[in-house]
Each structure stands twice: as structure tokens, then as C-alpha cells.
Amino acid sequence: MSVSAAGRRGRLRARATRRYLFWGLLFVSPWLISFLVFTVYPLLSSIYYSFHRFDLMRPPVFLGVENYVRMFTRDPRFGKSVYNTVYYVGLSAPLGVISAFLMANLLNTRIAGRPFFRALFFFPSIVPVVVTAMVWRYLLNVQYGAINSTLQGLGLPVIPFLSNPQLAKPSLILIHMWVQGNQVVIYLASLQDVPRSLYEAATVDGANAWQKFWNVTVPLCTPVILFNLIMSFIGGVQSFVLPWLLTDGGPNQATEFLAVHLYRNAFEWLHMGYASALAWVMFIAIVVLTVVLFKTSARWVYYGSGE
Amino acid sequence: MTAQRASYSVTTVSGQANRLRKLRPSGWIAEIIKYLVLIILAISFTLPFFWMVTSALKDDSQVYTVPPIWIPNPAHWENFPDAWGSYNFNLYMVNTVFRFALPATLGATLSSAIVAYGFARLRWPGRDLLFSLCVATMMIPFAVTMVPLFITYKNLGWINSYRPLVVPAFLGSPYFIFMLRQFFRTIPEELSDAARIDGASEFGIMWRIVLPLAKPALTVVALLQFMWAWNEYLGPVIYLNEQDLWPIALGVAYLRETVYSLGALELAYPYLMAVSTIVTLPIVIAFFFTQRAFIEGISVTGLKG
């Protein structure tokens, strides 16, 4: 090995790396463009707009931090929307995850017609949101929805699901749990990834079904559960279409979530600057929530040998 | 005796346990409860659809009854064509398929495949960092970029057209990039290496070797993207003002307004349910034929995530 040969190899390697860098970036360029134009630029410009008043017709007017001050001191609907969102997300995300996981476990046992039941549970999650909203609005109607008219027929009092402010959010949470079919599918796949040998070892150790569930099944599924929990929180905070189409933020703003409040400010009242400020507050809240979830996850998430 | 039983237990402990379980009464009860719960759940999940379809067949007198009518007699099958014809639903359908779903599907599949190839089959400095960035953008809420995006599109003159919805699809979608990258990594490197030695260009390798092998994954991407375009409401409601441009999702929502805001409109509910049924039908059919692709696609992305 002469020095010049080693040097030549080094230069060739450098050239090969540059060549691969070129091709790599070329292939990835569509996403890079999208990232810069449709993600980075809007993120930065929304910071800009959040410090202005802008209604699309007149040029933006600089307001300093007034939008943020107004948000926390002079906008009662903001406080209400934060409360509504926290209530909804705080309940729907964990409940959705738990119910989907339990259903997946049920499907994972020895049952006849598993593909059939799996399809049935999965189907509501791919139906257009509009249809979900329409059907459930009719189903839960206080007078002639299927549930209440059955109750009336039996002489029982009706349940004003969507017209009573106290019941509106729980009704939305219920509907949310109805569309968690895609989560069920994911959990089912992860359940089937749990090595059978662990269950057999547990049986040899004398574990019953309950103990096997808590000590084998759940720990090995925690990475997937964590991922779905985080995505559920992120999605839940942005929840817009269902409250918008089902109850229009009502009754009495009971379902006026943060995303609904944002939409109204932006597209109904054309307060684009204020809406940008709202959006950033929402974003920061989501980031903080995600970080907290990740940090606390180390205590309950088990990353097995596979990861 | 004991030795025999011990060697038995190691190999067939589960089999023996199962046989024992079947004989004990608690095993019986567990099975019954299991199927009972399954059936109750299955009913709860399908009841809304059943209600939707049967309500579409009602007339006004059958809608507002106590107790509810589950199977209307007479069934007004003419509600379906009548409801569809009551508004411009044919136009909305054309809009949805030809101006939104098909272009978006084509764009997303192609671009996500190309980008995923760059992340999966090529080795270059900064690749993994950029990929993590790509995946991280999935967590950025749409609400945050919604307002400035709208302003940008307005400045570009893209409002009131499908461009805001279709153009981003041609630039790769992180969810699909992630899914396809995972899949591409399972294709053996030797195939690419052999082609490279033979002098094929990277693009040629992708087009003639990797993509044909990835047809199942690409099908899933196309299916999911088409379905999402079909179901999408928020994007269209923000960007499309002219009624003639609406996709079916907006048409259905508009029909709802005629039910709820104008109050006593004839056959409002049955028409709304009829239109909802028709809009859901293609998804049912597509799902029935491609169930496995759907479910595998979602499982793969969800598992590795």
C-alpha cells in the first residue's frame, strides 16, 4: 500500500460521496421543495402575521403582542375553547386508545370469523367524516333519533345528546371511539408480533390469563400504544370537522374547540392575524404535550430486543 | 409416571391447558361472554350504517315516529335517484373523481415513491437526518399552517381551484414516504448493486427494478390517497368557494343545511341519508375488494412508527 494509492482511494471515495449526495438530494427534491414552500415558509410567515392585524383586504397592520394579550385577557371564547379542547382530548385520546386496544385483544383470541369482525370494526374509520356527522346527528336526535325514539316508545326519558351542553362533549367522545378502527388494526398487528414463546414461558411459570395480559402482552405493545396515544392527542387538539358539522360549536359553545375557534376567526371573521396567533399557541401546546408524553414514557414503555 | 408427565408438559402445555379449559365450566362461560361481547360490539359498529340506509328509504311520515321504524314499509327506493338529482351531485362527483382524487392519487403515488427511493435505496450524508425531519413534519398540525397557506394560495391565485389540494400531492406526502421507505428497504441491495455494475442509472434502477417489486405497497398508497381525497372536507371547504367546484363532501354538508336551517323541508332527512349512502357505497365496494391491502398498509405504518 503506497501513500499515493491510499490518497487516490480517499479522493475517489470523496467523489463517490458527492455523487451520491447529488442523486440523493435529487430524488428527495420534491419533498424538499414541499417542505420549504408548504411547511417552513407558512410556519415562519404565520409568526409574522400573528403580530399583525390582517383581514386579506387591507395591508397588515403591526400590533406587537396585542393579539397574544387579547387572547389571554379579552377573549372569553378562547378560554372556553381551551377548556373544551382539554376536556375532549384528555378523555377521548386515552379512552380511544384503551378501547381500541381491548377490542384488538378480543379479536386476537381464538374466534371464528376474525377477518369479518375486524372489517366491521375498521370500516367506520374510512367513511367520509361528513357521512359520520350526518348519520350520528340523526341517530342522536333528541326527538326522532333511533335511540331517543326507542326510549320514548318504552316510556323512558329522552337523552338530549347533542342539545344539552353537558352531554355534547361526551357524545363526541363516544363517536370518536366509534371511528378508532384503524387503531384496532394496528394493535392487532402488534399483538400478533408478540412472541408465542413468552406466553408459553409464562404458562410454565403458572401465570393465568390476566397475569399474562399485564406482564407479557401490554409491556410488549407499549411502543405502539405510545405512538398512537401521541397521534391521538395531536389529532384531538385539531379536531374540527366533527364538532363543526355535528353541533357547529354548540350548544352554548360546548363543543367550540380550539380548532373551531381558530377557523371562525380566520374564515368567518377574517381575523387572520389573530388566527395565526391562536395557531401558534396551539402548536406550542402540542409540542409541549408531545415532549411531556415522550419524557414520561420512559417509565412505562418497554423497548424490546426488536427495536 | 411423574417423569412422563413432566416431558409432556414442556411440549404440549398450551394444548393440554386448552383441552382442560374446554372441559371446565369457566371455559364455557368465557367463550360465551366473548362471543356475546363481540356481537354486541359488532352491532354497535354497524347500527349507524343500517340506520342510514333504512332511513334513506323512508318518507316524511316514517321519519318522525315513536318508536323508530327500523325497516320502512313501503320502502321508497325512488328516494335515491330523487335525492341525487335534487342538487348538482353528478357535477360534484365528477369534481371529486377527476379534479381531485385521481390527480392527487397519481401525484402522491409517484412523488412519494421517488422520494422514498432517495431515502431508502441511496446512501448519502444527511439522509437520515432529513428523513427524521420528514417524519417529524407529520406532527405539525394543519391548523398552524392553514392560515398562511391560505394567504399564500390567495396571492398565487389558487383559491377557488383544486390546485391547493392537488399540487402538494405531487411533492410527496410524509405518511406515504414513510410507508414506502420502510417497504423499499426490504428489497435486497444486491439487485440494485447488480444493476449499478451493469451501468444502469439510479432512475433506471428505480423504474425498472425497485418499483415493479413494490407494486403491492404502491397499490396501498394509491388506495389510501384516493380514499382520503374522497373523504376530505376541511381542505375543500377552505379553498373552494364556488358551488360548481365542490366535491361531494361539501355537497352532502350543504344538503344538511337545507335540513337543519330551513326546517320543514320535504323529505329532507331521507334525502340526506340517501346521499350519504351513495357517497359511502364506493368505499364499501373498494374496501370489500382490497381489504387486505388496506389493513396491511395501515398496520405496517402503524407498527414501525
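These legends go with close-up views of a predicted model. Local features need pLDDT of at least 70 and side-chain atom pairs count only at pLDDT 80 or more, while totals for chains, interfaces and linings use all residues. Residues are numbered from 1 along each chain as its sequence is written, and chains are lettered from A in the order in which they are written.

**View 1. Chain B has 15 helices and zero strands.** Helices here are DSSP runs of H or I with at least four residues, strands are E runs of at least two, and both are numbered from the N terminus. Of the 305 residues in chain B, 40% are buried, meaning that 20 or more other C-beta atoms, placed from the backbone, lie within 10 Å of a residue's own (exposed means 12 or fewer, partly exposed in between).

**View 2. Here chain A meets chain B.** On each chain, 78 residues are in contact with the other; contact means C-beta atoms, placed from the backbone, within 7 Å. Helix H1 (residues 3-50) of chain A gives the most to its side, with 19 residues. That side has 60 nonpolar residues, 17 polar and one charged. Ala, Val, Leu, Ile, Met, Phe, Trp, Tyr, Cys and Pro count as nonpolar, Asp, Glu, Lys and Arg as charged, and the others, Gly among them, as polar.

**View 3. Take a look at helix H4 (residues 114-122) of chain A.** Its buried residues are A:Phe117, A:Phe121 and A:Phe122. They sit on the same side of H4(A) because they cover an arc of only 135 degrees around the axis, going by the directions from the helix axis to the C-beta atoms. The face turned away from that buried side carries the exposed A:Pro115 and A:Phe116.

Conventions: Contact = placed C-beta atoms within 7 Å.
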